[in-house]
Amino acid sequence: MSKISSKHPRAESLRTRERLVEGFRSGLVVAEGLAAHGRGEAFDYIIGEKTTKHAKRAAEAAVAMLLLAKRPVISVNGNVAALVPKEVVKLADLVGAKLEVNLFHGSVGRETKIGKHLLKHGAKEIFGTDREFSTKIDEIHSDRRKVDKRGIAAADVVLVPLEDGDRTEALKKLGKKVVTIDLNPMSRTARAANVTIVDNVVRALPLMMVSAKKLSRWDRTKLRKTATDFDNAKNLEAMTGLISRRLRKISR
Ligand code: PTJ
(Lines give C-alpha, C1' and ligand atoms only; values in the text may rest on other atoms or scores of the structure.)
Protein backbone atom coordinates (compact mmCIF):
# COMPACT_ATOMS: atom_id res chain seq x y z
CA MET A 1 0.00 0.00 0.00
CA SER A 2 1.33 3.47 -0.82
CA LYS A 3 2.03 5.86 2.07
CA ILE A 4 -0.71 8.46 2.58
CA SER A 5 0.13 11.38 4.84
CA SER A 6 -2.46 11.95 7.56
CA LYS A 7 -2.11 15.69 6.77
CA HIS A 8 -3.57 15.13 3.30
CA PRO A 9 -7.08 16.69 3.22
CA ARG A 10 -8.52 13.57 1.62
CA ALA A 11 -6.42 11.05 3.59
CA GLU A 12 -9.39 8.91 4.62
CA SER A 13 -10.82 8.85 1.11
CA LEU A 14 -7.41 7.90 -0.32
CA ARG A 15 -6.99 5.11 2.22
CA THR A 16 -10.40 3.73 1.28
CA ARG A 17 -9.42 3.89 -2.39
CA GLU A 18 -6.21 1.97 -1.59
CA ARG A 19 -8.23 -0.75 0.16
CA LEU A 20 -10.33 -1.15 -2.94
CA VAL A 21 -7.26 -1.31 -5.20
CA GLU A 22 -5.80 -3.99 -2.89
CA GLY A 23 -9.10 -5.85 -3.24
CA PHE A 24 -8.84 -5.56 -7.01
CA ARG A 25 -5.25 -6.89 -7.01
CA SER A 26 -6.20 -9.83 -4.80
CA GLY A 27 -9.17 -10.73 -7.02
CA LEU A 28 -12.06 -9.75 -4.72
CA VAL A 29 -13.07 -6.69 -6.76
CA VAL A 30 -13.76 -6.42 -10.52
CA ALA A 31 -12.35 -3.53 -12.57
CA GLU A 32 -15.91 -2.19 -12.85
CA GLY A 33 -15.92 -1.99 -9.06
CA LEU A 34 -13.20 0.68 -9.23
CA ALA A 35 -15.35 2.76 -11.59
CA ALA A 36 -18.41 2.26 -9.37
CA HIS A 37 -16.38 3.47 -6.39
CA GLY A 38 -15.38 6.58 -8.33
CA ARG A 39 -19.04 7.41 -8.87
CA GLY A 40 -19.60 6.99 -5.15
CA GLU A 41 -16.57 9.19 -4.32
CA ALA A 42 -17.99 12.02 -6.43
CA PHE A 43 -21.19 12.03 -4.41
CA ASP A 44 -19.24 11.70 -1.17
CA TYR A 45 -17.15 14.76 -2.09
CA ILE A 46 -20.33 16.75 -2.62
CA ILE A 47 -21.98 15.71 0.65
CA GLY A 48 -18.76 16.65 2.48
CA GLU A 49 -17.49 13.11 3.28
CA LYS A 50 -19.56 13.16 6.46
CA THR A 51 -22.57 11.22 7.70
CA THR A 52 -25.67 13.41 7.54
CA LYS A 53 -28.62 13.41 9.97
CA HIS A 54 -30.72 11.93 7.15
CA ALA A 55 -28.32 8.98 6.86
CA LYS A 56 -28.45 8.50 10.64
CA ARG A 57 -32.26 8.36 10.55
CA ALA A 58 -32.19 5.90 7.65
CA ALA A 59 -29.60 3.71 9.41
CA GLU A 60 -31.84 3.47 12.47
CA ALA A 61 -34.89 2.51 10.37
CA ALA A 62 -32.77 -0.03 8.47
CA VAL A 63 -31.52 -1.66 11.65
CA ALA A 64 -35.05 -1.73 13.11
CA MET A 65 -36.25 -3.50 9.95
CA LEU A 66 -33.40 -6.03 10.11
CA LEU A 67 -34.01 -6.72 13.82
CA LEU A 68 -37.73 -7.25 13.18
CA ALA A 69 -37.11 -9.62 10.28
CA LYS A 70 -37.59 -13.38 10.57
CA ARG A 71 -34.96 -14.21 7.94
CA PRO A 72 -32.71 -11.19 7.31
CA VAL A 73 -29.88 -11.52 4.79
CA ILE A 74 -26.96 -9.23 3.95
CA SER A 75 -25.88 -9.49 0.31
CA VAL A 76 -22.12 -9.04 -0.18
CA ASN A 77 -20.44 -8.03 -3.45
CA GLY A 78 -16.74 -7.53 -4.26
CA ASN A 79 -16.57 -3.89 -3.19
CA VAL A 80 -18.27 -4.53 0.15
CA ALA A 81 -15.98 -7.50 0.84
CA ALA A 82 -12.88 -5.39 0.13
CA LEU A 83 -13.96 -2.26 2.02
CA VAL A 84 -15.80 -3.50 5.10
CA PRO A 85 -15.29 -7.26 5.63
CA LYS A 86 -14.99 -7.14 9.42
CA GLU A 87 -17.88 -4.71 9.80
CA VAL A 88 -20.28 -6.62 7.58
CA VAL A 89 -19.61 -9.82 9.55
CA LYS A 90 -20.13 -7.97 12.84
CA LEU A 91 -23.36 -6.32 11.68
CA ALA A 92 -24.76 -9.68 10.54
CA ASP A 93 -23.99 -11.04 13.98
CA LEU A 94 -25.62 -8.08 15.78
CA VAL A 95 -28.89 -8.23 13.80
CA GLY A 96 -28.98 -12.03 13.39
CA ALA A 97 -28.63 -11.92 9.59
CA LYS A 98 -27.13 -14.44 7.18
CA LEU A 99 -24.35 -13.37 4.83
CA GLU A 100 -24.70 -14.23 1.15
CA VAL A 101 -22.18 -13.60 -1.61
CA ASN A 102 -24.13 -12.29 -4.59
CA LEU A 103 -22.34 -10.78 -7.57
CA PHE A 104 -23.31 -8.62 -10.51
CA HIS A 105 -20.30 -9.86 -12.49
CA GLY A 106 -20.79 -13.52 -11.59
CA SER A 107 -17.72 -15.75 -11.23
CA VAL A 108 -17.40 -18.92 -9.18
CA GLY A 109 -13.73 -18.17 -8.44
CA ARG A 110 -14.52 -14.72 -7.04
CA GLU A 111 -17.49 -16.04 -5.05
CA THR A 112 -15.20 -18.55 -3.36
CA LYS A 113 -12.53 -15.90 -2.72
CA ILE A 114 -15.06 -13.50 -1.18
CA GLY A 115 -16.54 -16.31 0.93
CA LYS A 116 -13.08 -17.25 2.27
CA HIS A 117 -12.28 -13.57 2.91
CA LEU A 118 -15.43 -13.20 5.05
CA LEU A 119 -14.67 -16.42 6.94
CA LYS A 120 -11.18 -15.04 7.64
CA HIS A 121 -12.87 -11.95 9.09
CA GLY A 122 -14.95 -13.95 11.54
CA ALA A 123 -18.00 -15.16 9.58
CA LYS A 124 -19.20 -18.59 10.67
CA GLU A 125 -21.34 -19.40 7.67
CA ILE A 126 -21.52 -18.02 4.13
CA PHE A 127 -24.35 -18.53 1.67
CA GLY A 128 -24.16 -18.15 -2.10
CA THR A 129 -21.04 -20.25 -2.61
CA ASP A 130 -22.45 -23.78 -2.56
CA ARG A 131 -24.00 -25.01 -5.85
CA GLU A 132 -26.14 -27.50 -3.98
CA PHE A 133 -28.27 -24.65 -2.58
CA SER A 134 -28.27 -22.47 -5.67
CA THR A 135 -31.54 -21.33 -7.26
CA LYS A 136 -32.66 -18.52 -9.58
CA ILE A 137 -34.93 -15.51 -9.28
CA ASP A 138 -36.22 -15.20 -12.87
CA GLU A 139 -37.39 -11.60 -12.37
CA ILE A 140 -33.74 -10.44 -11.98
CA HIS A 141 -32.05 -9.79 -15.34
CA SER A 142 -28.37 -10.11 -14.36
CA ASP A 143 -25.98 -12.57 -12.73
CA ARG A 144 -27.52 -11.44 -9.43
CA ARG A 145 -30.47 -13.74 -10.21
CA LYS A 146 -28.42 -16.66 -8.84
CA VAL A 147 -29.29 -16.82 -5.14
CA ASP A 148 -29.08 -19.24 -2.23
CA LYS A 149 -32.25 -21.18 -1.29
CA ARG A 150 -31.40 -20.72 2.39
CA GLY A 151 -30.51 -17.04 1.97
CA ILE A 152 -31.91 -14.36 -0.35
CA ALA A 153 -34.51 -16.76 -1.84
CA ALA A 154 -36.07 -17.32 1.59
CA ALA A 155 -35.36 -13.89 3.12
CA ASP A 156 -37.99 -11.39 4.24
CA VAL A 157 -35.55 -8.46 4.55
CA VAL A 158 -32.41 -8.08 2.41
CA LEU A 159 -29.62 -5.53 2.75
CA VAL A 160 -28.14 -4.88 -0.73
CA PRO A 161 -25.32 -2.35 -0.40
CA LEU A 162 -23.69 -0.65 -3.41
CA GLU A 163 -25.69 -1.41 -6.49
CA ASP A 164 -27.68 0.40 -9.13
CA GLY A 165 -29.98 -2.09 -10.82
CA ASP A 166 -33.24 -3.96 -11.18
CA ARG A 167 -32.76 -6.34 -8.27
CA THR A 168 -34.55 -4.23 -5.65
CA GLU A 169 -37.76 -3.97 -7.72
CA ALA A 170 -37.67 -7.73 -8.32
CA LEU A 171 -37.10 -8.56 -4.63
CA LYS A 172 -39.93 -6.22 -3.63
CA LYS A 173 -42.28 -7.89 -6.13
CA LEU A 174 -41.52 -11.14 -4.31
CA GLY A 175 -42.72 -9.54 -1.06
CA LYS A 176 -39.30 -8.83 0.45
CA LYS A 177 -38.23 -5.59 2.10
CA VAL A 178 -35.02 -4.06 0.79
CA VAL A 179 -32.46 -1.87 2.53
CA THR A 180 -29.57 -0.30 0.65
CA ILE A 181 -26.48 1.83 1.20
CA ASP A 182 -25.76 4.10 -1.76
CA LEU A 183 -24.03 7.46 -2.01
CA ASN A 184 -26.13 8.23 -5.10
CA PRO A 185 -29.66 9.11 -3.96
CA MET A 186 -30.80 9.00 -7.59
CA SER A 187 -29.76 5.42 -8.37
CA ARG A 188 -32.52 2.93 -9.27
CA THR A 189 -31.78 0.90 -6.17
CA ALA A 190 -31.81 3.99 -3.91
CA ARG A 191 -35.21 4.99 -5.32
CA ALA A 192 -36.80 1.54 -5.18
CA ALA A 193 -35.60 0.43 -1.72
CA ASN A 194 -37.71 0.60 1.42
CA VAL A 195 -34.79 2.23 3.24
CA THR A 196 -31.79 3.91 1.58
CA ILE A 197 -28.83 5.03 3.65
CA VAL A 198 -27.14 7.71 1.55
CA ASP A 199 -23.65 7.45 2.98
CA ASN A 200 -20.29 5.87 2.27
CA VAL A 201 -20.40 2.18 3.18
CA VAL A 202 -17.20 2.67 5.22
CA ARG A 203 -19.13 5.03 7.54
CA ALA A 204 -22.59 3.47 7.20
CA LEU A 205 -21.60 0.01 8.44
CA PRO A 206 -20.02 1.24 11.73
CA LEU A 207 -23.05 3.52 12.18
CA MET A 208 -25.41 0.56 11.74
CA MET A 209 -23.37 -1.44 14.24
CA VAL A 210 -23.81 1.29 16.87
CA SER A 211 -27.56 1.45 16.09
CA ALA A 212 -27.85 -2.33 16.28
CA LYS A 213 -26.34 -2.36 19.78
CA LYS A 214 -28.79 0.35 20.90
CA LEU A 215 -31.91 -0.95 19.14
CA SER A 216 -31.44 -4.56 20.23
CA ARG A 217 -32.52 -3.37 23.70
CA TRP A 218 -35.80 -1.95 22.33
CA ASP A 219 -39.12 -3.81 22.36
CA ARG A 220 -40.78 -4.82 19.07
CA THR A 221 -43.42 -2.07 19.28
CA LYS A 222 -40.74 0.62 19.36
CA LEU A 223 -38.80 -1.10 16.58
CA ARG A 224 -41.95 -1.37 14.43
CA LYS A 225 -42.68 2.34 14.93
CA THR A 226 -39.12 3.29 13.94
CA ALA A 227 -39.35 1.18 10.78
CA THR A 228 -42.85 2.24 9.70
CA ASP A 229 -42.45 5.95 10.51
CA PHE A 230 -39.54 6.16 8.05
CA ASP A 231 -40.40 7.65 4.66
CA ASN A 232 -37.73 6.80 2.09
CA ALA A 233 -38.97 9.20 -0.61
CA LYS A 234 -38.91 12.09 1.88
CA ASN A 235 -35.46 11.14 3.12
CA LEU A 236 -34.10 10.99 -0.45
CA GLU A 237 -35.67 14.36 -1.18
CA ALA A 238 -33.90 15.77 1.88
CA MET A 239 -30.60 14.32 0.62
CA THR A 240 -30.96 15.75 -2.91
CA GLY A 241 -31.89 19.10 -1.29
CA LEU A 242 -28.72 18.92 0.81
CA ILE A 243 -26.66 18.09 -2.30
CA SER A 244 -28.00 21.05 -4.26
CA ARG A 245 -27.38 23.42 -1.31
CA ARG A 246 -23.82 22.05 -0.99
CA LEU A 247 -23.23 22.54 -4.73
CA ARG A 248 -24.40 26.15 -4.52
CA LYS A 249 -22.13 26.71 -1.50
CA ILE A 250 -19.09 25.08 -3.17
CA SER A 251 -19.60 27.09 -6.37
CA ARG A 252 -19.76 30.43 -4.55
O1 PTJ B 1 -18.71 -7.43 -7.18
P2 PTJ B 1 -19.81 -7.30 -8.16
O3 PTJ B 1 -19.59 -8.14 -9.40
O4 PTJ B 1 -21.18 -7.62 -7.57
O5 PTJ B 1 -19.87 -5.79 -8.68
C6 PTJ B 1 -19.97 -4.73 -7.75
C7 PTJ B 1 -20.28 -3.41 -8.47
C8 PTJ B 1 -20.17 -2.30 -7.44
C9 PTJ B 1 -19.25 -3.22 -9.59
C10 PTJ B 1 -21.69 -3.51 -9.06
O11 PTJ B 1 -22.61 -3.73 -8.04
C12 PTJ B 1 -22.06 -2.29 -9.84
O13 PTJ B 1 -21.85 -2.17 -11.04
O14 PTJ B 1 -22.61 -1.33 -9.13
P15 PTJ B 1 -23.20 0.02 -9.78
O16 PTJ B 1 -24.40 -0.32 -10.62
O17 PTJ B 1 -22.12 0.83 -10.37
O18 PTJ B 1 -23.73 0.74 -8.49
C19 PTJ B 1 -22.91 1.03 -7.40
C20 PTJ B 1 -23.59 2.13 -6.60
O21 PTJ B 1 -22.91 2.24 -5.36
C22 PTJ B 1 -23.52 3.50 -7.29
O23 PTJ B 1 -24.76 4.15 -7.17
C24 PTJ B 1 -22.42 4.25 -6.50
O25 PTJ B 1 -22.69 5.62 -6.42
C26 PTJ B 1 -22.52 3.59 -5.14
N27 PTJ B 1 -21.26 3.52 -4.40
C28 PTJ B 1 -20.02 3.26 -4.90
N29 PTJ B 1 -19.12 3.24 -3.91
C30 PTJ B 1 -19.79 3.46 -2.76
C31 PTJ B 1 -21.17 3.64 -3.07
N32 PTJ B 1 -22.09 3.89 -2.13
C33 PTJ B 1 -21.67 3.92 -0.85
N34 PTJ B 1 -20.38 3.75 -0.48
C35 PTJ B 1 -19.40 3.53 -1.40
N36 PTJ B 1 -18.13 3.37 -1.00
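Here is a chat between a student and a tutor about this predicted model and its ligand.

Student: Let's start with the ligand. How many residues surround the ligand?

Tutor: Look at the shell of protein around it. The closest residues are Gly78, Phe104, His105, Arg110 and Arg144. By class, the shell holds seven nonpolar, ten polar and eight charged residues. In total, the number of residues surrounding the ligand is 25.

Student: Which helix gives the largest share of that shell?

Tutor: Two helices to check are α2 (31-47) and α4 (78-83), since each supplies at least two residues of the shell. The largest share is six residues. The helix they come from is α2.

Student: Arg144 is on the list of closest residues. How far is a polar side-chain atom of Arg144 from an oxygen atom of the ligand?

Tutor: A polar contact needs N or O atoms within 3.5 Å, so that is the cut-off to keep in mind. The pair here joins a polar atom in the Arg144 side chain to a ligand oxygen, and their distance is 2.7 Å.

Student: Which residue has a polar side-chain atom 2.9 Å from a nitrogen atom of the ligand?

Tutor: Be careful, as 2.9 Å turns up twice. The side chain of Asp182 has an N or O atom at 2.9 Å, but its partner is an oxygen atom of the ligand. For the ligand nitrogen, the residue you want is Asn200.

Student: And how much of the ligand's exposed area does the protein bury?

Tutor: Start with the ligand taken alone, which exposes 750 Å². In the model, the ligand sits in the largest pocket. The part of its area buried by the protein is 96%.

Student: Now Ser75. Is Ser75 buried or exposed?

Tutor: Ser75 is in strand β1 (residues 72-76). Its side chain makes a polar contact of 3.0 Å with the side chain of Arg167. The cut-off for buried is under 20% relative accessible area. Ser75 has 3% relative accessibility, so it counts as buried.

Student: What does the side chain of Asn77 reach at 3.2 Å?

Tutor: First find Asn77 in the loop between β1 and α4. With 14% relative accessibility, Asn77 counts as buried. At 3.2 Å, its side chain reaches the backbone nitrogen of Asn79.

Student: Why does Arg71 count as partly exposed?

Tutor: Arg71 sits in the loop between α3 (53-68) and β1. Partly exposed covers values between the cut-offs of 20% and 50%. Arg71 gets that label because its relative accessibility is 44%.

Student: I also looked at helix α5. Which residue with a positive phi follows α5?

Tutor: Helix α5 covers residues 85-95, and its buried residues are Pro85, Glu87, Val88, Val89, Leu91, Ala92 and Val95. An α-helix has 3.6 residues a turn, so residues three or four places apart point the same way. After α5 comes a residue with phi near 70°, and that residue is Gly96.

Student: What is the phi of Glu49, which is not a glycine?

Tutor: Most residues other than glycine have a negative phi. Glu49 lies in the loop between α2 and α3, and at 25% relative accessibility it counts as partly exposed. Its phi is positive, at about 55°.

Student: Where does Leu162 lie?

Tutor: Leu162 is another residue other than glycine with a positive phi, near 60°. At 26% relative accessibility, Leu162 counts as partly exposed. Its place is the loop between β5 (157-159) and α7 (167-173).

Student: How far apart in space are His141 and Ala170, C-alpha to C-alpha?

Tutor: His141 is in the loop between β3 (134-136) and β4 (146-148). With a relative accessible area of 62%, His141 is exposed. A polar atom of its side chain lies 3.3 Å from the backbone oxygen of Glu139. As for Ala170, it is 29 residues away from His141 in sequence, and the C-alpha distance is 9.2 Å.

Student: Last one! Which helix holds Arg15?

Tutor: Arg15 is partly exposed, with a relative accessible area of 30%. Its C-alpha is 9.8 Å from that of Ser5, ten residues apart in sequence. The helix spans residues 11-25, and its name is α1.

Conventions:
Residues are numbered from 1 along each chain as its sequence is written. This is a predicted model: local features need pLDDT of at least 70, side-chain atom pairs count only at pLDDT 80 or more; totals for chains, interfaces and linings use all residues. Side-chain values use heavy atoms; hydrogens and water are left out. A residue is near a molecule or strand if one of its heavy atoms lies within 4 Å of it. A polar contact is a pair of N or O atoms within 3.5 Å; within protein, one must be able to donate a hydrogen and the other to accept it, and residues adjacent in sequence count only if both atoms are side-chain atoms. Accessible areas come from the Shrake-Rupley method with a 1.4 Å probe; for residues, only the protein chains shown count as cover. On a 1 Å grid over the protein atoms alone, a cavity is a set of points where a 1.4 Å probe fits but cannot get out, and a pocket is an open set with protein on both sides within 12 Å along at least five of seven lines; lining residues have an atom within 4 Å of a point. A molecule sits in a cavity or pocket if more than half of its atoms lie within 2 Å of its grid points. Helices (H or I, at least four residues) and strands (E, at least two) are DSSP runs, numbered from the N terminus. Ala, Val, Leu, Ile, Met, Phe, Trp, Tyr, Cys and Pro count as nonpolar, Asp, Glu, Lys and Arg as charged, and the others, Gly among them, as polar. Buried means under 20% relative accessible area, exposed over 50%, partly exposed in between (1.4 Å probe, protein chains only).
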